[in-house]
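Me: I am new to this structure and should be grateful for a close look at a single part of it. Please set that part in its wider context afterwards.

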Amino acid sequence: MSILAKYAALDAARRQLTETGCDPFAVQIEPGDSATEGWIDGRRVMLFGTNNYLGLSQHPASRDAAAEAALHQGSGTTGSRIANGTSASHQQLEAELAAFYGRRSCMVFSTGYQANLGMLSVLAGKDDHLLIDADSHASIYDGSRLSQAQVTRFRHNDPEDLHRRLRRLKGSPGCRLVVVEGIYSMLGDAAPLAEIAAVKREDGACLLVDEAHSLGVLGARGRGLAEAAGVEQDVDFIVGTFSKSLGSVGGYCVSDEPGFDILRVTCRPYMFTASPPPSVVASVRVALQLLQGAPELRERLWANARQFHGRLQRAGFSLGPEISPIVSVAMPDVPTAVTFWNMLLARGVYVNLTLPPATPDGRALLRSSLTAAHEPAQVEAAAGHFIASAIALGLALDAAPAEAAAARPTADVH
Amino acid sequence: MMSMDQTSVTRLVIDTLAANPKVTHPISGGTVIVDDLGLDSLAVMDFVMEIEDKLDVSVPLDRLTDIRTVDDLARCLTELTSAR
């Protein structure tokens, strides 16, 4: 028997997805002239599924910094942070991130996934309790498993349920660490952080917020949901990533916790992997400056989000619970989602196809993410392609007929 | 809530599963929750959450990974309710 036989059912399901068109999980995208366009199978497409919220992956200053660093410092560090993989630029990036958040300490990781894996596994020990939101990202679930702590899952965005579950732990020894996300990646909804912070205070727990999708997106200075909700003092650890609004790859954790530096010699996903290469560190440092110096990027991102969400909502699509740079359209079932996704691609729009169990409540979603780099005409055109595809598929939309007709595109802009 | 014996907890688990629209297969104590009922990992965690609320207990996720059958889950829930 093949060692891969256990995946036979999954393999069959995956084959079924590719029968009607492109493999949604192996799309080859070549970068175009901007952050919003790329090439798939030799055709130009508009990119509406990149998490490139501020469009900085293609910023000339970031690219130049990366090229310059590679030219002078080489292609990689070939070592871990605790061996030969620490340079002045790694430490400068950590100092700059700590300063950005007004925190005492920062640790940089090679990926955002490793940042969650590392922080959860090292903060919650065998006798501690982790309380994670039910809709948490896979990196939070995986970090929980690596922690060996007792892991309790609470209902998504439900502070009362969190409080109830913390109460059930009363009397049992160990620290409690509550983990939530700034913006949840599938539906784009933000955590009710002020209420969660109140529960955390009342029950004497620690709080970690993963701002992966909210860095540069929320808050007056772009620090994320904790800043926007006015509860930064209650958040003990902030985790984030460089691979979204900063347009590169890597992750970090900032904190005021005394003695934080001990984690550098206890955190296995930090210690036993090569550190980020010079080109990555250099581009992230520039992108962080750009993020701080250009609040108008955030305004443009939100204007695009409002435009796209409003257009799809008026057309009668079933969307996530709130306006956000992540706009997910719920599909009635997986086959419809796959067909719809292929139709959009044929029309020159790339979005993410997200399927259960990666999605909440077993829903099949067409997940779009907006960026500050999108032009209003592109947003309009992409929404038009959604509407035209729905009409072609005979998909029932909730809007009144007159509204749906008004929502129809008058001309293809793309 | 008072602690319950394992038979009552098994009954509660079976009734909760039977009320799940995704479940069409007949259920007994020996039913393997994932393989027999075709629930994915997320659906299992969501269904366990429903039972947790009914019994006012939390099943740690690390314990959930060892649970395969309805009886396994009922045993775990009975232990947790009697340990309060």
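Is A:Phe340 buried or exposed, and what is its relative accessible area?

Reply: The model shown is a predicted one, and every value below is computed from it. A:Phe340 is buried, because its relative accessible area is 0%, and a residue counts as buried under 20%. Its place in the chain is helix α12, which runs over residues 334–346 of chain A.

The surroundings of A:Phe340 may be described next. Leaving aside residues up to four places away in sequence, A:Phe340 touches A:Phe317, A:Met331, A:Leu366, A:Phe386, A:Ser389, A:Ala390, A:Leu393 and A:Leu395. One of these partners, A:Leu366, has a number that falls within strand β14 (364–369). A separate relation is that between A:Phe340 and A:Leu353: they stand 13 residues apart in sequence, and their C-alpha atoms are 9.4 Å apart in space.

The number of A:Leu353 falls within β13 (352–354), and the loop that follows this strand deserves attention. The loop between β13 and β14 holds A:Pro357, and A:Asp361 lies in that loop as well. A:Pro356 and A:Pro357 are joined by a cis peptide bond, with omega at about 5°. A:Asp361 is not a glycine, yet its phi is positive, near 55°. Most residues other than glycine have a negative phi, and most peptide bonds are trans. In contrast to the buried A:Phe340, A:Asp361 is exposed, with a relative accessible area of 53%.

A positive phi is also found at A:Asn51, again a residue other than glycine, where the value is about 60°. A:Asn51 belongs to the loop between β3 (43–47) and α2 (60–73) of chain A. A:Asn51 counts as buried, because its relative accessible area is 16% and the limit for a buried residue is under 20%.

A further loop position, A:Ala274, offers an intermediate case. A:Ala274 sits between α9 (268–271) and α10 (278–293) of chain A, and with a relative accessible area of 39% it is partly exposed. Beyond residues up to four places away in sequence, A:Ala274 touches A:Thr77, A:Gly79, A:Ser80 and A:Ser110. A:Ala83 is 191 residues from A:Ala274 along the chain, but the C-alpha atoms of the two are separated by 9.3 Å.

These parts may now be set within chain A as a whole. Chain A contains 14 helices and 14 strands. Its radius of gyration is 22 Å, close to the 22 Å that the globule rule gives for 414 residues, so chain A is as compact as a globular protein of that length. The C-alpha trace spans about 60 × 55 × 55 Å along its principal axes. Of the 414 residues, 56% count as buried, A:Phe340 being one that is buried. When contacts between residues at least 6 apart in sequence are considered, 69% of those in chain A join residues at least 24 apart. The area that chain A exposes is about 17300 Å², with 53% of it supplied by carbon and sulfur atoms. As for charge, chain A carries 36 positive and 43 negative side chains, and the centres of these two sets lie 3 Å apart.

Chain A also meets a second chain. In this interface, 21 residues of chain A are in contact with 17 residues of chain B. The two chains bury about 1500 Å² between them, and carbon and sulfur atoms account for 47% of that area. A:Arg153, A:Arg155 and A:Arg168 supply 40% of the area that chain A buries against chain B, more than any other three residues.

Chain B itself has 5 helices and 0 strands, in the order α-α-α-α-α along the sequence. A compact globule of 84 residues would have a radius of gyration near 12 Å, and the 12 Å of chain B agrees with this. Along the principal axes, the C-alpha trace of chain B spans about 35 × 25 × 20 Å. Buried residues make up 50% of chain B. Of the contacts in chain B with a separation of 6 or more, 60% are between residues 24 or more positions apart. The accessible surface of chain B is about 4200 Å², and 53% of it belongs to carbon and sulfur atoms. Chain B has 7 positive and 15 negative charges, whose mean positions are 3 Å apart.

Note on methods. Residues numbered from 1 in each chain as written. Chains lettered and ligands numbered in written order. Predicted model: local features only at pLDDT ≥ 70, side-chain atom pairs only at ≥ 80, totals over all residues. Heavy atoms only, no water. Helix = DSSP H or I, 4+ residues; strand = E, 2+ residues; numbered from the N terminus. Rg over C-alpha atoms; globule rule 2.2 N^0.38 Å. Buried < 20%, exposed > 50% of the residue type's maximum accessible area, 1.4 Å probe, protein only. Contact = heavy atoms within 4.5 Å. Areas by Shrake-Rupley, 256 points an atom, 1.4 Å probe, with all protein chains shown as cover. Lys, Arg positive; Asp, Glu negative; His and termini not counted. Charge placed at Lys NZ, Arg CZ, Asp CG, Glu CD. Buried area = accessible area lost by both parts, 1.4 Å probe.
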